[in-house]
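The following paragraphs go through one protein chain, from its overall layout to individual side chains. Keep the sequence and the model in view while reading.

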Amino acid sequence: MTARPFKDRRPDHHSLRHARGSTLLEGLLAIVLFSIGLLAMLRLLTVSTIDIGNAQYRSEASLLASDLISRIWTGDRSYKGINDRFGNTQTEDYQDWLVSVQQRLPGVTASSHVPEIVIGSDRSVTVTLSWQAYGDKDAHRLIFQTLITD
């Protein structure tokens, strides 16, 4: 077997350029795939943060409705007593509760997303709370219904 001269064993310039180009292409492809994965994770984080905020407001609304019902239970539980204290939005009891609603739920003001309390003659009480967080397209709503008995 005859030995090849040294210069014949070196790769030619064309194959070196091709190898460098494919390495560069592989690197760019890896960066693109990593970026897509990172963007997907950021999107997931954003959605999770929004869902956590919505869950917090749903919990707050439920606690506020329960607070109203407990205020009803601590006073006169007759139809007249309930209606006198919470049937009118100008009563002191209603206004005290409304202040806590406005402090804890976003978008509740004197003119928008005002809580509704419907008191039936059978002493059924329906509390409807709605709120709208900053950036939300639609308002959220919680309807809480109970029957007050002796």
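A residue is called exposed when its relative accessible area is over 50%, buried when that area is under 20%, and partly exposed in between. K80, at 56% relative accessibility, therefore counts as exposed. The same cut-offs apply to the other residues discussed below.

The model is predicted. Its mean pLDDT is 87, and 86% of the residues reach 70 or more. Confidence varies along the chain: among the elements, strand 2 has the highest mean pLDDT, 96, while helix 1, residues 6–9, has the lowest, 56. Where pLDDT is low, the predicted coordinates should not be read in detail.

The chain contains four helices and three strands. Their order from the N terminus is α-α-α-α-β-β-β, with the helices preceding the strands. Of the 150 residues, 25% are buried. The chain exposes about 10900 Å², and 58% of this area comes from carbon and sulfur atoms. Among the contacts with a separation of 6 or more, 51% are made by residues 24 or more positions apart.

Helix 2 spans residues 13–73, and L39 is placed in it. With a relative accessible area of 57%, L39 is exposed, because the value is over 50%. L39 is also one of the residues forming a nonpolar surface patch of about 530 Å². The other members of that patch are F34, L38, L42 and L45.

Helix 2 also holds a charged pair. Side chains of opposite charge can pair when their charged atoms come close. D67 and R71 meet in this way, in a salt bridge with an N to O distance of 3.1 Å. The two residues are four positions apart in helix 2, about one turn of the helix. Both are partly exposed: D67 has 23% relative accessibility, and R71 has a relative accessible area of 26%.

Which residues does S100 contact, leaving aside its neighbours within four places in sequence? They are L64, D67 and R71, so both partners of the salt bridge just described are among them. S100 itself is located in helix 4, residues 92–104. Its relative accessible area is 14%, which is under 20%, so S100 is buried.

The structure holds five salt bridges, including the D67 and R71 pair. Another joins D84 to K80, with the closest N and O atoms 2.7 Å apart. These two residues lie in helix 3, residues 79–86, and are again four residues apart, about one turn of the helix. Their accessibility falls into two classes: D84, at 43%, is partly exposed, whereas K80 is exposed, as noted at the start.

A further salt bridge links D93 with R85, where the closest N and O atoms are 3.0 Å apart. Are the two partners buried or exposed, or in between? D93 is partly exposed, with a relative accessible area of 29%. R85 counts as buried because its 17% relative accessibility is under 20%.

Two residues in loops have backbone angles to note. H113, in the loop between helix 4 and strand 1 (116–119), has a phi near 55 degrees, a positive value in a residue other than glycine. R123 is not a glycine either, and its phi is positive at about 70 degrees. R123 lies in the loop between strand 1 and strand 2. At 17% relative accessibility R123 is buried, since the value is under 20%.

Strand 2 covers residues 124–131 and includes T126. T126 has 18% relative accessibility and so counts as buried. Not counting residues up to four places away in sequence, T126 touches E116, I117, V118, I143, F144 and Q145. With Q145 there is also a polar contact between the two side chains, at 3.3 Å. Strand 2, where T126 is found, is the element with the highest mean pLDDT in the chain.

How values were computed. Residues numbered from 1 in each chain as written. Predicted model: local features only at pLDDT ≥ 70, side-chain atom pairs only at ≥ 80, totals over all residues. Heavy atoms only, no water. Patch = residues over 30% accessible without salt bridge, like charges linked within 9 Å, V, L, I, M, F, W, Y side chains within 5 Å. Areas by Shrake-Rupley, 256 points an atom, 1.4 Å probe, with all protein chains shown as cover. Salt bridge = Lys/Arg side-chain N within 4 Å of Asp/Glu carboxyl O. Buried < 20%, exposed > 50% of the residue type's maximum accessible area, 1.4 Å probe, protein only. Contact = heavy atoms within 4.5 Å. Polar contact = N/O pair within 3.5 Å; in protein donor to acceptor, adjacent residues only side chain to side chain. pLDDT = per-residue confidence, 0-100.
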